Amino acid sequence: MTGSRHAVFSLICLFAAAPAAAIADAQFDKALAQQADTAANRRKLSQPAPLNPRQSGNNTFQFALANGLQVLVIPDHRAPVATQMLWFRVGAVDDPAGISGLAHFFEHMMFRGTRQNPDDTFSQTIARNGGETNAFTDHDYTAFYEQIAKDRLPLAMKLEADRLANLDLSDAHVGPERDVVLEERRMRVDNEPQALMGEQMRAALHLSHPYGRPVIGWAEEVRHIDRVSAQDFYDHHYAPNNAILVIAGDVTPDEVRKMAQDAYGKVAARDLQPRAENAEPPRLAESRMTIVRPDARVPLVSRIYRVPSYSTGRPGQAEGLETYAQWLGGDQTSELYRVLVEQKKLATDAGAGYDGNARDAGEFSVYAVPRPGVTLEALEKAMDQVLAASAAALPKASDLQRAKTGLVASVTYRRDSQFALASAYGQALVIGLTVDDVNDWPARIRAVDAAGVQKAAQLLNRKEAVTAYLVPGGAK
Ligand SMILES: [Zn+2]
């Protein structure tokens, strides 16, 4: 329940493999508030920097090609392997009106081939060379990656550059892939009561903001995707000047600069469709819903609050919310679990989560699963007592310390993975944050004090929330 709120992974659908870990990891790596993704910032990002790699702290290097492709290099010499990630500043928020799911569909189309590398030549070639490839789409971005032996990195770059410029978007490819996406939706959302519930809750929570539209799209709208909409999307979003290339691995910045210039330097910049500045209209009342599904295995009470993100919050707010979520419901030592599961014995599970990794609003969620015989109403009341108590009093110093240590340790542990490292930086950069924001994150979490956690608890406003009950029942 507390997992990634809206990421949808690619056609190869390694749902439990690397991308899920990457998203989860990156949730810890968001960064500072002042660095809002303003129009001015985005313009700055799209301007080419000098070709000489510039060290950007913590052993990372940044430069840009003349066509506007931004490059981040993270040398990692532990093994002769490399991770290439290409992050595009396009996601489900950029889906045209009436065609939700287009960004995610397009991620699939990128695996459908070019004239030079038709059909699944891309994936086959990577696999034949011992590598792995996949992709994922979220509201704010779309990313593609390959993990491969260091000496095959130029090959992976050439293939990626080819599909950036020469994708085959014929009807013969668009129709069948649309069916693949509709099947993916059936499997992952329509047949998963908790996923359906999350979708309905977010549609209510975000009002007119496109964070309320599912990344995978409403089925009725996915059916509207055709060759023309796909071509238009490709022409106005897939361009070197709309992408960030992240290379982590057994490479030097100079090697990457030469390889990137060879492979991507030939791809021309394109006129981009400007991203909409989406407003977040005020919510005047809380929303509630009860969803009755014959396929629900257990009842559940769940609530999502609209809260500040690392991009929109004031300094320290997102860090406070992140720490509060861990203290409140991050694991089995957390407050919600202790009170609802262990002390009051009302729940079999309970938890909380914060997703502040967004260009616009973040989300704070809480949930609990009742023990047999306990009503959702009684459980919600007990959950609200825990929330109210945390807004009224400071957390115990030892509990706060444990929460912060847990958060920071999990990031340090995850960053041991080259892929997670590349993901953390790529995700931060693509939503308008900086390398320093990623590097400073552990220190900023350590600096959160008891008052910061209490302030985070006080940020949770019922008018800014949707509460849902999931109830097993109804006709099969
Ligand atoms: Zn997919």
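**Close-up 1. Strands β11 and β12 are joined by 8 bridges and run antiparallel.** Everything in these views comes from a predicted model. Pick out Ala350 and you'll find its bridge partner in β12, Ala368. As a bit of background, strands of a sheet pair through backbone hydrogen bonds, either parallel or antiparallel.

**Close-up 2. Zooming out, we meet an open sheet of 5 strands.** Read across, the order goes β9-β13-β10-β12-β11, and the pairing is mixed. Which strands sit at the edges? They're β9 (287–293) and β11, each pairing on one side only. On average, neighbouring strands of this sheet are turned by 15° against each other, if you ignore direction.

**Close-up 3. Helix α12 packs on the sheet, where it touches β11 and β12.** The direction of α12 makes about 165° with that of β11. This helix covers residues 335–343, and its buried residues are Glu335, Leu336, Tyr337, Leu340 and Val341. What do those buried residues pack against? Besides β11 (347–355) and β12 (362–370), they pack against the helices α11 (317–329) and α13 (376–392). Look just past α12 for Lys345, which has a positive phi, near 50°.

**Close-up 4. Helices α15 (residues 418–430) and α16 (residues 435–446) pack with their axes 8 Å apart.** The angle between them is about 125°, so α15 and α16 count as oblique to each other. Their crossing is right-handed. On the α15 side you'll see Ala424, Tyr425 and Ala428, which meet Val435, Asp437 and Val438 in α16. Sort the residues of this contact by type and you get 5 nonpolar, no polar and 1 charged.

Definitions and conventions:
Residues numbered from 1 in each chain as written. Predicted model: local features only at pLDDT ≥ 70, side-chain atom pairs only at ≥ 80, totals over all residues. Buried ≥ 20, exposed ≤ 12 C-beta atoms within 10 Å, placed from the backbone. Helix = DSSP H or I, 4+ residues; strand = E, 2+ residues; numbered from the N terminus. Contact = placed C-beta atoms within 7 Å. Axes fitted to C-alpha atoms, helices over the stretch in contact; angles between N-to-C directions. Parallel < 35°, antiparallel > 145°, perpendicular 65-115°, else oblique. Left-handed = near helix turned anticlockwise from the far one by under 90°. Nonpolar A, V, L, I, M, F, W, Y, C, P; charged D, E, K, R; others polar. Pairing = 2+ DSSP bridges.
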